[in-house]
Every structure is written in C-alpha cells, then in structure tokens.
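Hi everyone, thanks for coming. I'd like to walk you through one structure today, so please take a look at the screen before I start talking.

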Amino acid sequence: MNARLVFATSNEHKLSELEAILAPAWHGFTPGCVARMSDFSVPSPVEDGVTFEENSLIKARALARATGTAAIADDSGIAVDVLGGAPGVFSARWSGRHGDDEANLNLLLNQLSDVPDRHRGAAFVSAAVLVTPDGREFIQRGEVRGTLARSPRGQGGFGYDPIFIPDGYRVTIAQMSAEEKNAISHRGIAFGALMPRIVEYLRS
C-alpha cells in the first residue's frame, strides 16, 4: 500500500464526515494516498486519556508507529454545562456500552429531565491531531456551543446530534444536511484548522 496518510478510526460515521470535511485537502494528490485504519491489521489502542487531546494522540501515535504512515485522528464528545463538562471524553460510553448511541443519548436526557431550558447549555468538542512517522505532532481543537433539546429531533448525524441545537439555529444537528453540519461542526472546525498541516505533509 502506497498510502501516506491513514485515518485512525474505525467509526464509519466519523470516517464519512472526515472524508467529506477533508476532501479539499486531497485535490491534486495521487489517488490512494489516504487509507483507512481498516486497511491495516492494527488493533485499536486503549483510549485511557482524560482529555480529548490525549485520546486523539493515543490513537494517532499507535497507528503511525504500527504502520510507518502518518495518521490523523480525533477524539470528540459533548460537554454539558450543568454536569461540569460531562460526559466529555466518556461520551461514547456514557451508558456503559461503548458506541451505543441510543442508550447514551437516552441516559443523558434522563439525567437532564428536570433541568430548565435556560440551563441546558452544552458544547460539542473535538481535538484533531496529525502524527507523522518521524514524531511530529500537530493538534487543533474545535468547539461549537448550543443547547440541548428535550427529545431527539431529526434522522441525520449520529451520537448526540439529535438533541444538540447549535447557537443561532432552531434545528438540531440531526435535522441539518451533511454539508450544513460539516460547515459548523466541532469536527469541521478542528480539521479545518489542521488541514494546512495535512496538505503541507502530503506535499513534503
């Protein structure tokens, strides 16, 4: 495989978003220069960091070390004001079952059932990283503020998207098109800021 860059995630929802967000970065480069983690026989590392940045680096470092290929990764989640920033890095396993979006979302809604609308502020946060085989590391953080709806709305997106209403909007992220979401999302902001470093590496 001649890939020069690999996505350090096996989450298909996230892969689709990343490919759409970073599509402009691939313009002019050789097809096949970007690969997925599933293209390699590499086990997923244990994400035991206490910040989004730490978990992103754990994933990217492990994949870059195992493959000799530059890796990009992100760790992301929702931070609820009245919960002191939780679920935070535990967003994907808030209910105790990793990746169970419905259970995670329902648990969070139940925990906030008595919280009035004016106190339902939250933020989606993403830490995007690029780790190169020679040990260089670049990190960018993206954040979008909003409020939490009382019940899920919309069929798009994944995770907590059906209850997150970005500031300035009346719809949840799950009610937006993929293009609308990527233009304002925490992941779009983080990888948009990281994109110059990615392009610079691919040109090197």
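**Starting from strand 3**

Strand 3 gives the most to the lining of the largest pocket, with four residues. Before I go on, please keep in mind that this is a predicted model.

So let's stay with strand 3, which runs over residues 70-80. How many of its eleven residues are buried? Eleven of the eleven, so to speak the full set. If you look at one side, you find Ala70, Ile72, Asp74, Ser76, Ile78 and Val80, and on the other side Ala71, Ala73, Asp75, Gly77 and Ala79, with both faces covered.

Now, who are the neighbours in the sheet pairing? Strand 1 runs parallel to strand 3, and three bridges join the two. As a landmark there, phenylalanine 7 sits opposite isoleucine 72. Strand 4 also pairs with strand 3, this time antiparallel and over ten bridges. A landmark for that pairing is valine 80, whose bridge partner in strand 4 is alanine 122.

Let's keep walking. Strand 4, residues 121-131, goes on to strand 5, residues 137-148, through eleven antiparallel bridges. Glycine 121 is the one that stands opposite threonine 147 over there. These two strands make a hairpin with five residues between them, and in that turn glycine 135 has a positive phi of about 95°. A word of background on that: most residues other than glycine have a negative phi. Then strand 5 pairs with strand 6, residues 164-166, antiparallel again, over three bridges. In that pairing, leucine 148 faces phenylalanine 164.

**Helix 2**

Next stop is helix 2, residues 52-67. Helix 2 is 16 residues long and spans 23 Å from first C-alpha to last, close to the 22 Å expected at 1.5 Å a residue. Its buried residues include Phe52, Leu57, Lys59, Leu63 and Ala64. What do the buried residues of helix 2 pack against? They pack against strand 1, helix 1, strand 3, strand 4 and strand 5. Right after the helix comes glycine 68, with a positive phi of about 70°.

**The pockets**

Back to the largest pocket, which has a volume of about 640 Å³. Its lining counts 32 residues, and those nearest the centre are Asn11, Lys14, Ala92, His98 and Phe158. Besides strand 3, the elements that each supply at least two lining residues are helix 1, helix 2, helix 3 and helix 5. By class, you get nine nonpolar, 14 polar and nine charged residues in that lining.

Lysine 14 deserves a closer look. It's in helix 1. Is lysine 14 buried or exposed? Lysine 14 counts as buried, because its relative accessibility is 9%, and the cut-off for buried is under 20%. Leaving out residues up to four places away in sequence, lysine 14 touches Thr9, Lys59, Asp74, Ser76, Phe158 and Arg187. You'll recognise Asp74 and Ser76 from one side of strand 3, and Lys59 from the buried residues of helix 2.

The second largest pocket holds about 190 Å³ of space. It is lined by 14 residues, and Glu17, Gly157, Ala178, Lys181 and Asn182 lie nearest its centre. Helix 1 and helix 4, residues 178-184, are the elements that give two or more residues to this lining. The lining splits into five nonpolar, six polar and three charged residues.

**Two spots in the loops**

Two last things, both in loops. Where is tryptophan 26? Tryptophan 26 lies in the loop between helix 1 and strand 2. At 19% relative accessibility, tryptophan 26 counts as buried, since the cut-off is under 20%. Not counting residues up to four places away in sequence, tryptophan 26 touches Leu5, Phe7, Glu19, Val34, Ile198 and Leu202. Take Leu202: the two residues are 176 apart along the chain, yet their C-alpha atoms are separated by 8.8 Å.

The other spot is proline 87, in the loop between strand 3 and helix 3. The peptide bond from alanine 86 to proline 87 is cis, with omega near 0°. For context, most peptide bonds are trans.

That's my tour, thanks for listening.

Conventions:
Residues numbered from 1 in each chain as written. Predicted model: local features only at pLDDT ≥ 70, side-chain atom pairs only at ≥ 80, totals over all residues. Heavy atoms only, no water. Buried < 20%, exposed > 50% of the residue type's maximum accessible area, 1.4 Å probe, protein only. Contact = heavy atoms within 4.5 Å. 1 Å grid on protein atoms, 1.4 Å probe; cavity = no way out; pocket = protein on both sides within 12 Å on 5 of 7 lines; lining within 4 Å. Points joined across faces, edges and corners; volume = space filled by probe spheres on them. Nonpolar A, V, L, I, M, F, W, Y, C, P; charged D, E, K, R; others polar. Pairing = 2+ DSSP bridges. Expected span 1.5 Å × (residues − 1).
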